[in-house]
Amino acid sequence: MRPSAAAEVVISGGGWRLPREAIIALLVLLVLWELASRNAAVLGVPAFAIPSLERIAKSLITVTWVDVVVTVARVLGALLCSFALAALIAIWMYCVPRVERYAYPLVRLLMAVPVISWILFAVLWFKHVEFRIGFVLVAVCGPLFLVDMLSSMKGVSKELRDMIHSFRPSTSQLFRKLMLPAILPALLTSWKINLSLAIRVVTIAELVGAVTGMGHQLSVAQELFSVADVFAWTLVLVAVLFALEAVLNQIEARVLRWRV
Amino acid sequence: MSGLRIQAQHLRKQFRQSANGVLITAIEQLDFVIEPGEIVAVVGSTGCGKSSLFDVMIGLQAPTAGRLLIGDREPYRDFNGFRGLIATVFQQDRLMPWRSSLDNVCLPLELIGLAPDEQHRRARGWLERLGLAAFTDAYPHELSGGMRQRVAIARAFVLQPAILLADESFGHLDEVTAAELRETFVALARECGSTAVLITHQLEEAMSVGDRVLVFAKPATVLADIRVADWPAERRGELREAIQLTLQSNRCDERIARLAVQQPADAVIEQLGARDKHEQSDQAIKANGR
Ligand SMILES: Nc1ncnc2c1ncn2[C@@H]1O[C@H](COP(=O)(O)OP(=O)(O)O)[C@@H](O)[C@H]1O
Ligand SMILES: [Mg+2]
């Protein structure tokens, strides 16, 4: 379920500076693309299926930014909701082992449900479009956050827990002074993984009834057989993901500066 | 803050091993009294239950039977009643890697809700006393093992606690650093007037720190209770040998036996009150027959 390979690529591509190899690889890809586009007939593919770089660039100019903003807002909103919900339940499960024993199997069950099923459930159960999209994202990302949080809380060293307990902290002090800072690196990793997952899920969720957003624009482009538009929107999606990743990396560098 | 009395009364601690359910006795039967302001070393071989006693004294573990009293309360039952009274130095420094030295030392003061200015003033003062004035902003990974342990010592003393507990706190450092830190620790503990218990498996360390040395059997009972001052300097070699033999044979060497404190069973039972009287009187009889 966890898109680890994809996450790795994204994480390494998330910095501000691109290494020279990455630039060269991208240029090679562009050149190959352009060659393929000009020789589509030779390859036995209709010309519109591999639009030229120029054609894609023209489509890129016509990208409607309001759709980008709407989609990003949906993703961030849903991730924040998932995170808050997961944090509450994870803390509850951590503090009360019995709750964990009952709830954990259910969480695993939720994690095993395919994304497409969540989308179908959303259509069956809810009318409101925003609610449908939010539901799908929370259903997909919430359990991941929860499992990550719970396992990292359990991974906080007994040594540090005993140390702080010897000073008699209140429960809220325990979480603020020890648990939160101790699991912060894991939380940030969890955010990165969920972000790339959410960006990809939201586009599918937006196919269902939405009249805004990048997913909706992708489906419009497909209905109009505008392949260049499909490519343009895909590029924008990837760029948005990388930009958000870069923001997370900046945050990480700042809050984890104590690390060697 | 002046020290509090620490008292073990028929203290027993057993663990059930999670893998096979076998019951392990870590502390067989402990009876001792440590007076307020005393500095006592506890020495025993590895696995004899020293850390288990440490955990009971901190209040992290409940005794299986008997009682451990600090003042007139039990640290486990009255857990929050001891906020600000107990401070510990563990074997590893146990510093929070995300906090600077200063912020690590502030931690206990944050937990008792002291104003931030006052926290910083006190923490800075203790770091200076421990020779770390230039390292207040350093993170633990930027410090040597000895320096980290100094920060941990500052974190314990910043509370000016009634009870100071150290479990093998200097054993992993090189000898020179360990001796230096031990000396600092004892001097500061005396100055604070805290009751201090230093746990160690090293005889040399035990003999060099304490007013008293408690020698533990395996599982823990007090084999010998030695007042170091009773032994003139020229007989220290003999004392060392006697303790060594005691530790090796798990039986009290005759030369130190006469100094072992024997608590009259009646007095103990009286202190314990009616609770579990039956079982405890059995134990007391056994203890006396030992
Ligand atoms: N939490 C625990 N669960 C099970 N057994 C334990 C636990 N803590 C300690 N023990 C056992 O109790 C005995 C004493 O351990 P410990 O107090 O750590 O000894 P020491 O500190 O003197 O080396 C050992 O046999 C150890 O395996
Ligand atoms: Mg130990």
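Which side chain has an N or O atom 2.7 Å from an oxygen atom of ligand 1? In this predicted model, it is the side chain of Ser51(B). Taken alone, ligand 1 exposes 560 Å², and the protein buries 63% of that.

**Ligand 1**

Two backbone contacts join the one from Ser51(B). Gly47(B) places a backbone N or O atom 2.6 Å from a ligand oxygen. A polar backbone atom of Lys50(B) lies 2.8 Å from an oxygen atom of ligand 1.

| Residue | Part of residue | Distance to an oxygen atom of ligand 1 |
|---|---|---|
| Gly47(B) | backbone N or O atom | 2.6 Å |
| Ser51(B) | side-chain N or O atom | 2.7 Å |
| Lys50(B) | polar backbone atom | 2.8 Å |

The residues around the ligand run from Ser45(B) through Thr46(B), Gly47(B), Cys48(B), Gly49(B), Lys50(B) and Ser51(B) to Ser52(B), with Phe15(B) and Ala26(B) added. By class, this shell has 6 polar, 3 nonpolar and 1 charged residues. Helix 1 of chain B, residues 50-58, gives the largest share of the shell, with 3 residues.

**Helix 9 of chain A**

Helix 1 of chain B also helps cover buried residues of helix 9 of chain A. Helix 9 spans residues 158-166. Its buried residues are Leu160(A), Asp162(A), Met163(A), Ile164(A) and Ser166(A).

What lies over them? The cover includes helix 10 (171-205) of chain A. From chain B, it includes helix 1, strand 5 (86-89), helix 2 (101-111) and helix 4 (145-157).

Just after helix 9 of chain A comes Arg168(A), with a positive phi of about 60°.

Note on methods. Residues are numbered from 1 along each chain as its sequence is written. Chains are lettered from A and ligands numbered from 1 in the order in which they are written. This is a predicted model: local features need pLDDT of at least 70, side-chain atom pairs count only at pLDDT 80 or more; totals for chains, interfaces and linings use all residues. Side-chain values use heavy atoms; hydrogens and water are left out. A residue is near a molecule or strand if one of its heavy atoms lies within 4 Å of it. A polar contact is a pair of N or O atoms within 3.5 Å; within protein, one must be able to donate a hydrogen and the other to accept it, and residues adjacent in sequence count only if both atoms are side-chain atoms. Accessible areas come from the Shrake-Rupley method with a 1.4 Å probe; for residues, only the protein chains shown count as cover. Helices (H or I, at least four residues) and strands (E, at least two) are DSSP runs, numbered from the N terminus. Ala, Val, Leu, Ile, Met, Phe, Trp, Tyr, Cys and Pro count as nonpolar, Asp, Glu, Lys and Arg as charged, and the others, Gly among them, as polar. Buried means under 20% relative accessible area, exposed over 50%, partly exposed in between (1.4 Å probe, protein chains only). Contact means heavy atoms within 4.5 Å.
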